[in-house]
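Reader: I am new to this structure. Please take me through one part of it closely, and then show me what else is there.

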Amino acid sequence: MISSADMKLAYYHSPLGLITLASDGVALTGLWLEGQKYFAATLSEKAEVCDLPVFQETCKWLDLYFSGCEPDFTPLLKPEGTAFRQRVWQSLLRIPYGKTICYKDIAQEIAHERGLKTLSAQAVGGAVGHNPISIIIPCHRVVGANGNLTGYAGGIDKKIFLLKTEKAEMDKLFIP
């Protein structure tokens, strides 16, 4: 856990509203859309707003992303979470830009790695939902069975916006 004295913050104005960025001083530890579920769950009230190289790099990444370009770099990331959540987030980082994957597919991948017959897609969903670095760790690219757009901590409308920004094949997805 990052001590409150070391927690740094910055803000980014996006087409989806204000985004809060957090860092331990070196790596990005959080990126939250305003009002999203679990918003700033790992932040301390004593965090200070400042300018850091990782925030500059993250803002450059977000500028590229929101302009419709696939960034060709990733800021240094250090999300906090259990070993299981970390493993799920690593799977998210491998989902190609503009593509989607099902919770079940991630569960099967991890179960296979661990020598298990099955792993709960709901457990994967819980880890995806607690992703502290939204957008860059692309939890919006995970969909339910049969392409159902379910479970995005920022809201389904924002998930749709992000997928459209990436020019994902929306006609294959079921929008509730």
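Author: What follows looks at one pair of packed helices, then at the open and closed spaces. The model is predicted.

Start with the helices. Two packed helices are described by the angle between their axes and the distance between the axes. Helix 2 covers residues 83-93, and helix 3 covers residues 103-114. Their axes lie 11 Å apart and form an angle of about 120°. An angle over 145 would count as roughly antiparallel, and 65 to 115 as roughly perpendicular. Helix 2 is therefore oblique to helix 3. The crossing of the two helices is right-handed.

Now the residues in contact. Helix 2 brings Phe84, Arg87, Val88, Ser91 and Leu92. Helix 3 meets them with Ile106, Glu109, Ile110, Glu113 and Arg114. By class, this contact has five nonpolar residues, four charged and one polar.

Next, the open space. The largest pocket holds about 190 Å³. It is lined by 14 residues, and Trp61, Thr74, Leu93, Ile136 and Arg141 are the closest to its centre. Eleven of the lining residues are nonpolar, two are charged and one is polar.

Last, the closed space. There is one cavity of 30 Å³ or more. The largest cavity has a volume of about 50 Å³. Its lining includes Gln36, Val128, Gly129, Asn131 and Ser134. Cys139, Gly151, Tyr152, Ala153 and Gly154 also line the largest cavity. Six of these lining residues are polar, four are nonpolar and none is charged.

Technical notes. Residues are numbered from 1 along each chain as its sequence is written. This is a predicted model: local features need pLDDT of at least 70, side-chain atom pairs count only at pLDDT 80 or more; totals for chains, interfaces and linings use all residues. Side-chain values use heavy atoms; hydrogens and water are left out. On a 1 Å grid over the protein atoms alone, a cavity is a set of points where a 1.4 Å probe fits but cannot get out, and a pocket is an open set with protein on both sides within 12 Å along at least five of seven lines; lining residues have an atom within 4 Å of a point. Grid points are joined across faces, edges and corners, and a volume is the space filled by probe spheres set on the points. Ala, Val, Leu, Ile, Met, Phe, Trp, Tyr, Cys and Pro count as nonpolar, Asp, Glu, Lys and Arg as charged, and the others, Gly among them, as polar. Axes are lines fitted to C-alpha atoms, for helices over the stretch in contact, and angles run from 0 to 180 degrees between N-to-C directions. Helices (H or I, at least four residues) and strands (E, at least two) are DSSP runs, numbered from the N terminus. Angles under 35 degrees count as roughly parallel, over 145 as roughly antiparallel, 65 to 115 as roughly perpendicular and the rest as oblique. A crossing is left-handed if the near helix is turned anticlockwise from the far one by less than a right angle, and right-handed if clockwise. Contact means heavy atoms within 4.5 Å.
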